[in-house]
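Colleague: Hey, I've just opened this one for the first time. Can you walk me through it?
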Amino acid sequence: MTEVSDRLWSGAVQDVIRAGQRMDQRGWVPATAGNLSRRLSDGRIAITRSGGHKGFLAEQDVIEIDPQGHPLDATQKASAETLLHTQLYAFDPSVGAVLHGHSVAATVLSMVMPGASLTLAGYELLKVFEGQSTHATSIDVPVFDNDQDIARLAGVVAPSLGKMPAGYIIRGHGVYVWGRDMAMALARLEGLEFLLACELERRKA
């Protein structure tokens with residue numbers, strides 16, 4: 001690596017580590033759940049390795065993958081869901097970070113609601129999502145059935161790419177959210193998780 005590229009990589013790794021800590025503090029990545037990635041300006045992709053706890057990430061827990069999701073170091077193992085990250089990067093060149101968490105609200109709501117989407121309406125925080133300028137609106141968050149065949153799941157997700165401003169939910173599993181950089185991805189994740197928690201509380205009431 002050159003000095004510049006090395007700085008780019010170190011910055012991306014630190015972004016992933018800090019995001020993992022933030023998500024862990026909020027209870028969105030229990031045990032070894034979740035995966036986080038960041039695309040560098042030179043096109044490289046940094047992603048959490050398989051099996052690591054996201055609240056205690058170290059530099060060696062973030063690995064480099066190619067655009068197809070293969071680790072550059074064959075001795076390393078990326079998350080089984082890496083394809084869902086690279087799918088987003090391939091679809092939209094402006095995407096710079098992808099976050100996947102397993103919150104209680106996303107898991108429970110997607111299990112008790114049988115529909116293909118969850119509608120969020122009337123919330124002020126809807127304005128955190130791209131294209132929204134008022135609370136007087138609604139967003140449908142797609143809910144896709146869980147599938148251990150990630151390539152097949154990616155194929156199901158593909159037709160909705162470009163039409164999911166708030167991200168999407170995998171039923172009984174968790175959310176996927178992205179943004180042009182890590183700060184935006186985290187803001188959207190926090191916004192979505194807050195709204196899902198509100199929906200869960202409304203159903204309890």
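Modeller: Sure. Keep in mind that this is a predicted model. I'd start at leucine 196, which touches Ala105, Ala106, Leu109, Leu118, Ile169 and Val175, leaving out residues up to four places away in sequence.

Colleague: OK, and which residues of the largest nonpolar core touch the most other members?

Modeller: Leu196 is one of them, along with Met23, Leu99, Val175 and Leu192, in a core of 40 residues. At least two residues each come from α1 (3-25), β4 (97-101), α3 (104-112), β5 (117-121), β6 (138-144), β8 and α5.

Colleague: Which element gives the largest share of this core?

Modeller: That's α5, with nine residues. There's also another core lying apart from it, made of 21 residues, including Leu88, Ala154, Val157 and Ile170. As background, nonpolar side chains tend to be buried together in soluble globular proteins.

Colleague: Switching to strands. What does β2 pair with on the β1 side, and how do the two run?

Modeller: β1 (residues 35-39) and β2 run antiparallel, joined by three bridges. Arginine 38 has alanine 46 in β2 as its bridge partner. The two strands form a hairpin with five residues between them, and glycine 43 in the turn has a positive phi of about 95°.

Colleague: And how many bridges join β2 to β3?

Modeller: Four, and that pair is antiparallel too: β3 covers residues 62-65. Alanine 46 turns up again here, standing opposite glutamate 64 in β3.

Colleague: Are the faces of β2 covered or open?

Modeller: Both are covered. Ile45 and Ile47 are buried on one side, and Ala46 and Thr48 are buried on the other. That fits the general pattern: in a regular strand the side chains alternate between the two faces of the sheet.

Colleague: Why do you call threonine 48 buried?

Modeller: Because its relative accessible area is 0%, and the cut-off for buried is under 20%. Apart from residues up to four places away in sequence, threonine 48 touches Val16, Asn35, Leu36, Lys54, Leu57, Asp61, Val62, Ala78 and Ser79.

Colleague: Now pockets. What volume does the largest pocket have?

Modeller: About 300 Å³. It's lined by 16 residues, and the closest to its centre are Asp92, Val95, Glu130, Trp178 and Arg188. α2 (82-91), β8 (174-179) and α5 (182-204) each supply at least two residues of that lining.

Colleague: How does that lining divide by class?

Modeller: Eight are nonpolar, three polar and five charged.

Colleague: And the second largest pocket, which residues lie nearest its centre?

Modeller: Thr32, Ala33, Gly34, Gly51 and Ser79, out of 15 lining residues. That pocket has a volume of about 210 Å³. Its lining has three nonpolar, eight polar and four charged residues. Ser79 is also one of the residues that threonine 48 touches.

Colleague: One last spot: where does serine 94 sit?

Modeller: In the loop between α2 and β4. Leaving aside neighbours within four places in sequence, serine 94 is in contact with Arg39, Gly179 and Arg180.

Colleague: Why is serine 94 described as partly exposed?

Modeller: Because its relative accessible area is 46%, while exposed means over 50% and buried means under 20%.

Colleague: And how many residues along the chain separate serine 94 from aspartate 181?

Modeller: They're 87 residues apart along the chain, with their C-alpha atoms separated by 8.7 Å.

Definitions and conventions. Residues are numbered from 1 along each chain as its sequence is written. This is a predicted model: local features need pLDDT of at least 70, side-chain atom pairs count only at pLDDT 80 or more; totals for chains, interfaces and linings use all residues. Side-chain values use heavy atoms; hydrogens and water are left out. On a 1 Å grid over the protein atoms alone, a cavity is a set of points where a 1.4 Å probe fits but cannot get out, and a pocket is an open set with protein on both sides within 12 Å along at least five of seven lines; lining residues have an atom within 4 Å of a point. Grid points are joined across faces, edges and corners, and a volume is the space filled by probe spheres set on the points. Ala, Val, Leu, Ile, Met, Phe, Trp, Tyr, Cys and Pro count as nonpolar, Asp, Glu, Lys and Arg as charged, and the others, Gly among them, as polar. A nonpolar core is a set of buried Ala, Val, Leu, Ile, Met, Phe, Trp, Tyr and Cys residues joined through side-chain atoms within 4.5 Å. Buried means under 20% relative accessible area, exposed over 50%, partly exposed in between (1.4 Å probe, protein chains only). Contact means heavy atoms within 4.5 Å. Two strands pair if DSSP finds at least two bridges between them.
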